[in-house]
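Here are my notes on this model, point by point. Please read them with the structure open.

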Amino acid sequence: MHESKFLKANQENLMKLLSIPVIKEFEMKDLEGLLKVSKIRKYAAGETILSEGETANTMIFFLISGKASITKNNESISTLNRRGDLFGEIGLIKGEKRSASVIAAEDTVCLTTDSSYIRRLSGKDKTAFCYVLFRGLAGILADRLRETDEALVKAKAEINRLKKIAASQKK
């Protein structure tokens with residue numbers, strides 16, 4: 001992994017940040033604050049970005065380019081490949097150990113943001129910032145839940161189909 005220094009709030013970096021859907025709703029002062037606690041990390045294909053079971057730090061990862069595979073119990077469960085896809089959010093929300101591993105499926109670039117910026121905010125600024133952040137995260141998690149529900153329905157239908165075949169073969 002190759003990591004940049006903390007980013008500066010220049011026009012180029014602000015535009016990159018604004019290309020991430022969950023970030024678009026933030027005020028400019030908050031974007032500038034986020035950049036000061038953000039770094040760019042580059043991972044080679046096959047490199048582990050996060051490991052299941054490790055203690056979660058306060059990092060959120062935004063995919064800038066490349067592709068990352070999410071695995072749980074060494075089983076691939078999802079692939080992230082869209083600019084702005086994020087991961088590491090469950091550790092931020094719940095403060096628990098990592099629930100899955102994330103592995104670079106090809107050369108991958110991520111923006112990593114340390115949530116320490118949130119701890120430095122106070123009053124209405126903190127409330128507004130957290131509202132925007134968690135509303136964006138809730139939308140992403142709702143999309144993931146919908147995808148999981150659809151996969152579960154398909155899996156149950158396949159199980160029922162196989163049960164019917166097995167029952168008909170016993171007759």
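**Notes on the predicted model**

1. Start at Ile93, which sits in helix 3. Note that this is a predicted model, with no experimental coordinates implied. Ile93 is partly exposed, at a relative accessible area of 40%. The cut-offs matter here: a residue needs under 20% to count as buried and over 50% to count as exposed, so 40% falls in between.

2. What does Ile93 form together with Ile90, Phe134 and Leu141? The four make a nonpolar patch on the surface. Together they offer about 300 Å² of accessible area. Helix 3 (89-94) and helix 5 (123-170) each give two or more residues to the patch.

3. Now the overall layout. The protein chain has 5 helices and 9 strands. Read from the N terminus, the order is β-α-α-β-β-β-β-β-β-α-β-β-α-α. The C-alpha trace spans about 70 × 35 × 30 Å along its principal axes.

4. Some totals for the protein chain. Of its 171 residues, 38% are buried. Its accessible surface comes to about 10,500 Å², and carbon and sulfur atoms hold 54% of that. Take the contacts with a separation of 6 or more: 75% of them are between residues 24 or more positions apart.

5. How many strands make up the open sheet, and in what order? There are 5, arranged 1-2-9-4-7, and the pairing is antiparallel. Strand 1 (2-3) and strand 7 (86-87) are the edges, each paired on one side only. Please check the order 1-2-9-4-7 by eye, as it does not follow the strand numbers.

6. Within that sheet, look at strand 4 (residues 59-65) and strand 9 (residues 108-114). They run antiparallel and are joined by 6 bridges. Met59 stands opposite Asp114 in strand 9.

7. Asp114 also gives a reference point for helix 2. The C-alpha atoms of Lys36 and Asp114 are 9.3 Å apart, with their positions 78 residues apart in sequence. Lys36 belongs to helix 2 (residues 28-36). Is Lys36 buried or exposed? Lys36 is exposed, at a relative accessible area of 54%. The cut-off for exposed is over 50%, so Lys36 qualifies.

8. Which residues form the aromatic pair? They are Phe61 and Phe87. The count comes to 1 such pair. A pair of this kind is described by the distance of the ring centres and the angle of the planes. For Phe61 and Phe87 these are 5.0 Å and 10°, and the pair is stacked. Planes under 30 degrees apart count as stacked, so 10° meets that rule.

9. Why does the pair deserve a look? Phe61 lies in strand 4 and Phe87 in strand 7, so the pair ties together parts that are 26 residues apart in sequence. Both Phe61 and Phe87 are buried.

10. Next, strand 5 (residues 68-72), where Ser69 has its place. Strand 5 is largely enclosed by the rest of the structure, because 4 of its 5 residues are buried. Ser69 counts as buried, at 16% relative accessibility. Neighbours within four places in sequence left aside, Ser69 contacts Ser76, Ser78, Thr79, Ser101, Val102, Ile103 and Ala105.

11. Which strands pair with strand 5? Strand 6 (residues 75-80) does, running antiparallel over 5 bridges. Strand 8 (residues 101-104) pairs with strand 5 over 4 bridges, also in the antiparallel sense. Ile70 stands opposite Val102 in strand 8. Val102 is also among the contacts of Ser69. For anyone checking side-chain directions: in a regular strand the side chains alternate between the two faces of the sheet.

12. Last, the turn. Strand 5 and strand 6 form a hairpin with 2 residues between them. Asn73 in the turn has a positive phi of about 50°. Lys72 stands opposite Glu75 in strand 6. Glu75 is exposed, at a relative accessible area of 53%. Glu75 and Met1 are 74 residues apart along the chain, and their C-alpha atoms are separated by 23 Å.

Terms used
Residues numbered from 1 in each chain as written. Predicted model: local features only at pLDDT ≥ 70, side-chain atom pairs only at ≥ 80, totals over all residues. Heavy atoms only, no water. Buried < 20%, exposed > 50% of the residue type's maximum accessible area, 1.4 Å probe, protein only. Contact = heavy atoms within 4.5 Å. Patch = residues over 30% accessible without salt bridge, like charges linked within 9 Å, V, L, I, M, F, W, Y side chains within 5 Å. Areas by Shrake-Rupley, 256 points an atom, 1.4 Å probe, with all protein chains shown as cover. Salt bridge = Lys/Arg side-chain N within 4 Å of Asp/Glu carboxyl O. Pairing = 2+ DSSP bridges. Phe/Tyr/Trp six-rings, centres within 6.5 Å; stacked < 30°, edge-to-face > 60°.
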